[in-house]
Amino acid sequence: MMQISIIGGGVAGLCVARVLRDRGADVLVVDRHDGIGPHACSWWAGGMLAPFCEGESAEEPVVRLGQEAADWWQVKTDAVNRCGTLVVSPARDKAELSRFGRRTSHFETVSGAEVEALEPDLAGRFNTGLFFKDEAHLSPRLALGRLRDGLVADGVTFKTEDADPKLYTREGLTVDCRGFAARDTINDLRGVKGEILILSCKDVVLNRPVRLLHPRIPLYVVPRGDGIFMLGATMIESSQKTHVTARSLLELLSAAYALNPAFGEAEVLEIGVDARPAFPDNLPRIRRDGNLICANGLFRHGFLLAPAMARMVAEMIFDNTKPEMMDETSA
Ligand SMILES: Cc1cc2nc3c(=O)[nH]c(=O)nc-3n(C[C@H](O)[C@H](O)[C@H](O)COP(=O)(O)OP(=O)(O)OC[C@H]3O[C@@H](n4cnc5c(N)ncnc54)[C@H](O)[C@@H]3O)c2cc1C
């Protein structure tokens, strides 16, 4: 049985572990923290599996490869909600909605009455919207927990250690999935800061992720059930991942208030911040240097693209194929 070590147990590492285990490998996952948690960027993700909406700003491979994600997560974790995505804008920002529609596909334009039918708690607030019915979302913490539990049940070993991937290559094939921490060896990896809030608001019910377009800070609200909402996310060119700025808080909260003033009474349960690992074109990369494979750069598409990236890592190892995400630069 082929033995493979994976360094990093965020969404990249766990998806790679899942696919390699499914292909019969003997897998070890090494993370410097025990279990999943706020140390990983993956912990703070919105969990939107929204390939078509992402087409507004992302390259074509994100839209195409991202369409694998919902089925993959459903099969592996049974944690996927397939209720679509609703995109709205305040009347004064109608041009934003038209622009979003021109840059995306697989949606239908809905009237104010149809917005209300989809989301009764947005009644009377928006006179048009875009409905992406084929999109999905999940709770990242639930999905990662189930993925990890499934791996443990299938004999994958987890080890807690602050590891140097190069040292592991002496034991055999090693996949570096350290996310932004791999910046020590990957020079062109940068951080894109994201800030989020987790709110409790029993007075608002949403059935699906809602994106509110705004020229400065587009907001999304993802319902997590039980009156819990994830509100995000800023996109700031910065590797700083310790503090949320006052401006971001103000803008996130005012956008939520614009969506439904009842959010004004919400309790703030968590304030989160992390740096998304990204390459210059915001597309993920797989690099190989002998026994060391690096899989990184998931940017804002961790849950959306990690299944495709994991599949390509496995195809490279087992089928000797050159992955579409392969980058010839040595790791
Ligand atoms: C605010 C925000 C919102 C987002 N929303 C979405 C979304 O809606 N949909 C989506 O698809 N993506 C989203 N993303 C993007 C997604 O979260 C990231 O792309 C993804 O988490 C990157 O995963 P990763 O596994 O590469 O890194 P990480 O999740 O950071 O995992 C890296 C792991 O490596 C471990 N590690 C690091 N160094 C070492 C070492 N030396 N030894 C051992 N272990 C080590 C860390 O402890 C960590 O567990 C969002 C990101 C942010 C910040």
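## A quick tour around Ala256 and helix 9

Leaving aside residues up to four places away in sequence, Ala256 touches Leu219, Leu231 and Phe263. Keep in mind that this is a predicted model. Ala256 sits in helix 9, so that helix is a good place to begin, with its span worked out from 1.5 Å a residue. After that come a second helix, a loop residue, a pocket and a cavity.

**Ala256 up close**

- Ala256 has a relative accessibility of 1%, and because buried means under 20%, this residue counts as buried.
- Go ten residues along the chain from Ala256 and you reach Ala266; the C-alpha atoms of the two are separated by 10.0 Å.

**Helix 9, one side in and one side out**

- Helix 9 covers residues 246-259, which makes 14 residues.
- At 1.5 Å a residue, helix 9 should span 20 Å, and its end C-alpha atoms are indeed 20 Å apart, so the two figures agree.
- Which residues of helix 9 are buried? They are Ser248, Glu251, Leu252, Ala255, Ala256 and Leu259.
- If you look down the axis of helix 9, these buried residues fall within an arc of 130 degrees, so they line one face of the helix.
- Here's the general idea behind that kind of pattern: an α-helix has 3.6 residues a turn, so residues three or four places apart point the same way.
- Over on the other side of helix 9, you'll find Ala246, Arg247 and Leu250 exposed.
- So what covers the buried residues of helix 9? The cover includes strand 5 (85-88), strand 11 (190-200), strand 12 (210-212), strand 13 (219-225) and strand 14 (228-232).

**Glu265, out in a loop**

- Glu265 belongs to the loop between helix 9 and strand 15 (267-278).
- Is Glu265 buried or exposed? Its relative accessible area is 65%, and exposed means over 50%, so Glu265 is exposed.
- Glu265 and His33 are 232 residues apart in sequence, and C-alpha to C-alpha they are 35 Å apart in space.

**Helix 10, mostly under cover**

- Helix 10 runs over residues 302-319, giving it 18 residues.
- The expected span of helix 10 at 1.5 Å a residue is 26 Å, while its end C-alpha atoms are 24 Å apart, which agrees.
- Of the 18 residues in helix 10, 14 are buried, so the helix is mostly covered.
- Right after helix 10 comes Asn320, which has a positive phi, near 60 degrees.

**The second largest pocket**

- How do you find empty space in a protein? Rolling a probe the size of a water molecule over the atoms shows where it is left.
- The second largest pocket holds about 160 Å³ of space.
- Its lining includes Ala79, Asn81, Cys83, His137, Leu138, Pro223, Arg224 and Gly225.
- Strand 8 (136-138) and strand 13 are the elements that give two or more residues to this lining.
- Strand 13 gives the most, with three residues.
- By class, the lining of this pocket has six nonpolar, five polar and one charged residues.

**The cavity**

- How many cavities of 30 Å³ or more does the structure hold? It holds one.
- About 30 Å³ of space lies in the largest cavity.
- The residues lining the largest cavity are Gly9, Gly10, Gly35, Ile36, Gly37, His39, Ala40, Ser42 and Leu144.
- Sorted by class, the lining of the largest cavity has three nonpolar residues, six polar and no charged.

Conventions
Residues are numbered from 1 along each chain as its sequence is written. This is a predicted model: local features need pLDDT of at least 70, side-chain atom pairs count only at pLDDT 80 or more; totals for chains, interfaces and linings use all residues. Side-chain values use heavy atoms; hydrogens and water are left out. On a 1 Å grid over the protein atoms alone, a cavity is a set of points where a 1.4 Å probe fits but cannot get out, and a pocket is an open set with protein on both sides within 12 Å along at least five of seven lines; lining residues have an atom within 4 Å of a point. Grid points are joined across faces, edges and corners, and a volume is the space filled by probe spheres set on the points. Ala, Val, Leu, Ile, Met, Phe, Trp, Tyr, Cys and Pro count as nonpolar, Asp, Glu, Lys and Arg as charged, and the others, Gly among them, as polar. Helices (H or I, at least four residues) and strands (E, at least two) are DSSP runs, numbered from the N terminus. The expected span of a helix is 1.5 Å times one less than its number of residues. Buried means under 20% relative accessible area, exposed over 50%, partly exposed in between (1.4 Å probe, protein chains only). The arc is that of the directions from the helix axis to the C-beta atoms. Contact means heavy atoms within 4.5 Å.
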